[in-house]
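User: I am new to this structure. Please take me through the terms used for it, one by one.

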Amino acid sequence: YEAKGNDFRVAVYGPEMDSGRIERLALLADLRLALITHPEQFVLQYQPKVDVHSGSVTSVEALVRWHHPTLGVVPPDRFIPLAESTGLIANLTPLVLDAALRECAGWTAEGIAISVAVNLSARNISDENLPGRVAQALATAGVSADQLILEITESSVMGDPAQTLPVLHQLHDLGICLSLDDFGTGYSSLSYLQRLPVGEVKIDRSFVLGLAGDNRANSRALIRSITGLGANLGLRIVAEGVEDQPTLDELRSLGCDIVQGYYISRPLGATDLRTWLARESADAVPRLRLLTSSR
Ligand code: C2E
Ligand code: MG
Ligand code: MG
Ligand code: MG
């Protein structure tokens, strides 16, 4: 079995066709069908991104889950790579974007002023029609461009910069904030950052985890160089994967602006997020506030 873009070919396989591959094929068939006939199986969770100084929620990241009829909840790590390698991501991203923007319009109507962040794949940002489609989605949902953050990864940009850079510039020109996700794991140098029209950088979880490991001096130095550059370039620096208070304290002292992670909140369904937001706005993320006021 071989997939090239949207062109699928079936071949007969011998014993080397292991159960893992068969499982993947079955999952792919289900994925294709679900995207066409049961888009409601793709459900978003939202994880808050919080200002380290004020404790207020600046945005939430939309993270997709697939509610499979027999397998239960399938995490994105299991089906996003499949969607990417087969081109089906072109069908998934619009579903996620529309749902996230609809939710965001609801928050605005309720007086909750937060942005929503949506993850894009390499294929999405190679698509020259993307900026027009995003503009259309914003207009349909009635959400202003500055309430949308699009998360991209270094490697998806660097795959084909000649193709992706014009798309990114058009998205930027629409007034959308681009965020460089999983930063530090790719190949590009820090100096490449100033050539990208990004407003935000998310330091990868591995470096955040590293703050508690044996090599903490390395992680600290790396994070400090990213926040230093961010300050010079006027970029917002986000740390992902924050799981405890000591890490949060250290990230703040290293110059990070925004934190995201299980310590603040796990990704939440739309209803749970509303409950969480109502509680937190009444008490501005107590653990963070406690900390800032005691400094
Ligand atoms: P990501 O964009 O880097 O998202 C962060 C991932 O880390 C999420 O996993 C989130 O649940 C998890 N996470 C957040 N805080 C913590 C923490 O404190 N500790 C730990 N251990 N993990 C934490 P999730 O939801 O499983 O998503 C995995 C990846 O799948 C995402 O990584 C993103 O690359 C991709 N993804 C998710 N939703 C979408 C989507 O709608 N479109 C695309 N293209 N990719 C998506
Ligand atoms: Mg992300
Ligand atoms: Mg990330
Ligand atoms: Mg990550």
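**Metal sites and the ligand pocket**

Analyst: Along the chain, the donors of the magnesium ion (ligand 2) follow the spacing E-x57-N-x31-E-x29-D. This is a predicted model, in which local features need pLDDT of at least 70, side-chain atom pairs count only at pLDDT 80 or more, and totals for chains, interfaces and linings use all residues. Residues are numbered from 1 along each chain as its sequence is written, chains are lettered from A and ligands numbered from 1 in the order in which they are written, and side-chain values use heavy atoms, with hydrogens and water left out.

User: What makes a residue a donor of the magnesium ion (ligand 2)?

Analyst: Donors are N, O and S atoms within 2.8 Å of the metal (3.2 Å for Na, K and Ca); water is not among the atoms, so sites may look incomplete. Glu61 (OE), Asn119 (OD1), Glu151 (OE) and Asp181 (OD) lie 2.0 to 2.2 Å from the magnesium ion (ligand 2). These distances fit the cut-off, so the four count as its protein donors.

User: Which residues coordinate the magnesium ion (ligand 3)?

Analyst: Asp181 (OD), Asp182 (OD) and Glu240 (OE) do, at 1.8 to 2.6 Å. Their spacing in sequence is D-D-x57-E.

User: Which residue coordinates both magnesium ions, and how far apart are the ions?

Analyst: Asp181 coordinates both, and the two ions, ligand 2 and ligand 3, are 3.7 Å apart. Glu151 lies in strand β7 (residues 148-153) and Asp181 in strand β8 (residues 177-183), so this pair ties together parts that are 30 residues apart in sequence. Strands (E, at least two residues) and helices (H or I, at least four) are DSSP runs, numbered from the N terminus.

User: Why is Asp181 called buried, and what is Asp182 called?

Analyst: Buried means under 20% relative accessible area, exposed over 50%, and partly exposed in between (1.4 Å probe, protein chains only). Asp181 has 8% relative accessibility, so it counts as buried. Asp182 has 25%, so it counts as partly exposed.

User: How do you know whether Glu61 is buried or exposed?

Analyst: Its relative accessibility is 5%, so Glu61 counts as buried. Glu61 is found in strand β4.

User: What makes the link between Glu61 and Lys202 a polar contact?

Analyst: A polar contact is a pair of N or O atoms within 3.5 Å; within protein, one must be able to donate a hydrogen and the other to accept it, and residues adjacent in sequence count only if both atoms are side-chain atoms. The side chains of Glu61 and Lys202 are joined at 2.8 Å, so the distance fits the cut-off.

User: Which polar atoms lie by ligand 1?

Analyst: A polar side-chain atom of Gln47 is 3.1 Å from a nitrogen atom of ligand 1. Arg205 places a polar side-chain atom 2.9 Å from an oxygen atom of ligand 1. A polar backbone atom of Tyr262 is 2.8 Å from an oxygen atom of ligand 1.

User: Which element gives the most to the shell around ligand 1?

Analyst: Strand β4 does, with 4 residues.

User: Why is Ser126 called partly exposed?

Analyst: Its relative accessible area is 28%, which falls between the two limits, so Ser126 is partly exposed. Ser126 lies in the loop between α4 (122-125) and α5 (130-141). Its C-alpha atom is separated by 9.2 Å from that of Leu168, 42 residues apart along the chain.
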